[in-house]
Amino acid sequence: GERVFYHGKATTAEVDLSLFFEAGGPREHIYFDPKKTRAGIVTCGGLCPGINNVIIAIVNELVGYGLKTVTGFQYGYAGMVASQGYETVTLTPELVADWNLKGGSMLGSSRGAQNTGEMVDALERLSINMLFTIGGDGTQRGAEEIHEEAKRRGYRLAVVGVPKTIDNDINFISRTFGFETAVSKATEAIHAALVEAQGAPRGVGLVRLMGRHSGYIAAHASLAAGNVDCTLIPESPFNMANLSEYVSSVLARKDHLVIVVAEGAGQDLLNSDSSLHDASGNCKLLNIGTYLGDVLKEHFTAVGNPINLKYIDPSYIIRATPASPADAIFCRRLGQNAVHAAMAGRTGMVVGIWSDHFTHVPLEAAVGNRKVIDTDGSLWGSVLQMTGQPARLV
C-alpha cells in the first residue's frame with residue numbers, strides 16, 4: 001500500500017526510506033463483512049473539544065459501509081465491565097446527528113484501568129468485532145491490552161484508536177484533534193488577561209493553560225495573542241529570582257505584563273510528590289498558577305512595589321467547548337479513516353496525521369515517549385522573539 005515517509009524534509013538527496021507509516025484511507029478490499037459485523041465506541045480520559053464529532057464520523061462511516069449495529073459504551077472503560085452496571089447505547093446517525101453542537105462526550109468518560117479480561121468478555125457477549133477507542137495515553141495502553149487479550153483468545157477483533165490529547169503531545173502524530181480549538185479559546189483568555197493588566201497600575205495578567213509535559217498550547221496561544229511578555233513551559237526550567245527580575249524590568253518599561261504558564265511548568269518549585277498519580281496513571285500536578293501569583297505578589301509587596309495581579313484559569317471552559325470549524329473537519333476525517341482501517345482488518349493501531357497525510361501508527365509507538373517542544377527549535381525561538389524574555393530563566 002501507499003507509504004508516508006517519516007522524513008518529510010531533507011537537506012540531502014539521501015533519505016532513510018526505511019522509516020515510514022502506512023497511509024490511511026479506504027482499501028479496495030475489506031476484511032469484515034458489514035452485514036455480519038458489529039462495532040463499539042468508547043471515550044475515556046479528560047474531556048476535549050471534538051470527541052462528539054469523532055463519534056458522529058465513525059457512526060456515519062460505519063453505516064455507510066453497511067453495518068447495522070454500532071454500540072456506544074458509557075463512561076469509558078467502566079462501561080465495558082458488566083459489574084459496573086452501565087447500559088450500552090445503540091448509536092444511529094439520527095441519534096448522534098446534533099452531537100457536534102455539544103462539548104464534552106455524549107457517551108461520558110472516566111479514568112482508571114478496568115479488568116481487560118472482563119472487557120473482552122463483554123465484547124464477545126455483544127459479538128463486537130471492531131472497537132474504536134477515543135482517548136489519550138492511558139486509553140490507548142488499555143486498547144493495546146484489549147488487542148493482545150483478543151489475540152490470545154483467538155477472537156477476531158479490530159482495535160483502532162483515535163488519539164485524544166488536547167496537549168498535542170503524542171509521538172509520531174503532528175496534530176491531535178481539539179488542539180486548534182484549545183488554542184483559540186486560550187487566546188481569548190490571554191486577551192482578557194491583557195485587558196485586566198492594562199486596567200490597573202503595575203497590572204499583571206497571569207493565565208494558566210493546559211500542558212502537563214508539553215507546552216504546545218501555551219506556545220501557540222502566546223504567538224496567536226501576540227501580547228504575551230513571558231511564556232513558561234515544562235520544557236524550559238525557571239527559578240523565581242530570575243522570573244521576578246524579568247517581571248520587574250517589564251513593569252518598569254511599560255507598567256503592565258502578561259504571563260502565560262503551562263500547568264506542568266515549574267513543578268520542581270512546588271515540592272510536588274512525583275509518586276502520586278491519578279486514576280489514569282498521570283502524575284498529580286500542583287497548581288503552578290496560584291503558586292506564581294502568590295509568590296510574585298509577596299515579592300513585590302516586600303520590596304515596596306506591589307503589583308495588581310489577576311489570575312485566569314480557563315481550563316474547564318476550554319475542555320468543554322464545542323470543536324472549532326477546522327477541528328470539526330479534522331475530527332470527521334479522523335473518524336472516517338479509523339473506520340477505513342478497521343474495515344480493512346487493521347488492528348492494534350491509532351489513526352494519525354503526518355505531513356498532511358492520514359497514517360496508521362502502531363499502538364506501542366503512539367503510547368511511547370511524549371512529543372515535547374525543542375527549546376532550540378524554531379517554534380520556541382518564535383515565542384522568545386515575540387515575548388522578549390531571556391532564553392533561560394534559570
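This is a tour of selections to make in a predicted model, covering two helices, a cavity and three loop residues.

**Helix α1**

Select residues 51–65, which form helix α1. The helix has 15 residues, and the distance from its first C-alpha to its last is 21 Å, close to the 21 Å expected at 1.5 Å a residue. Colour the selection by burial: 11 of the 15 residues are buried, so α1 counts as mostly covered. The buried residues begin with I51, N52, N53, V54, I55, I56, A57, I58 and V59, and E61 and L62 complete the list.

What surrounds α1? Show β3 (38–43), β4 (69–73), β6 (130–135) and β7 (158–163), together with the helices α2 (93–96) and α10 (325–343); the buried residues of α1 pack against these elements. Then step to G66, which follows α1 and has a positive phi, near 110°.

**Y75, in the loop after β4**

Continue to Y75, in the loop between β4 and β5 (88–90). This residue is not a glycine, yet its phi is positive, near 60°. Its relative accessible area is 36%, so Y75 is classed as partly exposed.

**Helix α7**

Next select residues 240–254, helix α7. With 15 residues at 1.5 Å each, α7 should span 21 Å, and its end C-alpha atoms are indeed 21 Å apart. Which residues of α7 are buried? They are M240, L243, S244, Y246, V247, V250 and L251. These cover an arc of only 165° around the axis, and therefore lie on the same side of α7. Turn the helix to its other side to find A241, E245, A252 and R253, which are exposed.

With the buried side in view, add the partners of α7. Its buried residues pack against three strands, β8 (203–209), β9 (230–232) and β10 (256–262), and against the helices α8 (288–302) and α12 (378–387).

**The cavity**

How many cavities of 30 Å³ or more does a search of the whole structure find? There is 1, and the largest cavity holds about 50 Å³ of space. To display its lining, select T231, L232, I233, S236 and P237, then add W380, Q389, P390, A391, R392 and L393. By class, this lining has 7 nonpolar, 3 polar and 1 charged residues. Two of the elements packed against α7 can serve as landmarks here: β9 covers 230–232 and α12 covers 378–387, while T231, L232 and W380 are among the lining residues.

**P306, in the loop after α8**

Follow the chain from α8 to P306, in the loop between α8 and β11 (308–312). Is P306 buried or exposed? It falls in between: its relative accessibility is 48%, so P306 counts as partly exposed. Leaving out residues up to four places away in sequence, P306 touches R202, F300 and T301. For a view across the model, draw a line from the C-alpha of P306 to that of T43: the two atoms are separated by 47 Å, and the residues are 263 apart along the chain.

**D356, between two strands**

The last stop is D356, in the loop between β12 (349–354) and β13 (357–362). As with Y75, whose phi is positive, D356 has a positive phi although it is not a glycine; the value is about 65°. D356 is exposed, because its relative accessible area is 73%.

Key
Residues numbered from 1 in each chain as written. Predicted model: local features only at pLDDT ≥ 70, side-chain atom pairs only at ≥ 80, totals over all residues. Heavy atoms only, no water. 1 Å grid on protein atoms, 1.4 Å probe; cavity = no way out; pocket = protein on both sides within 12 Å on 5 of 7 lines; lining within 4 Å. Points joined across faces, edges and corners; volume = space filled by probe spheres on them. Nonpolar A, V, L, I, M, F, W, Y, C, P; charged D, E, K, R; others polar. Helix = DSSP H or I, 4+ residues; strand = E, 2+ residues; numbered from the N terminus. Expected span 1.5 Å × (residues − 1). Buried < 20%, exposed > 50% of the residue type's maximum accessible area, 1.4 Å probe, protein only. Arc of directions from axis to C-beta. Contact = heavy atoms within 4.5 Å.
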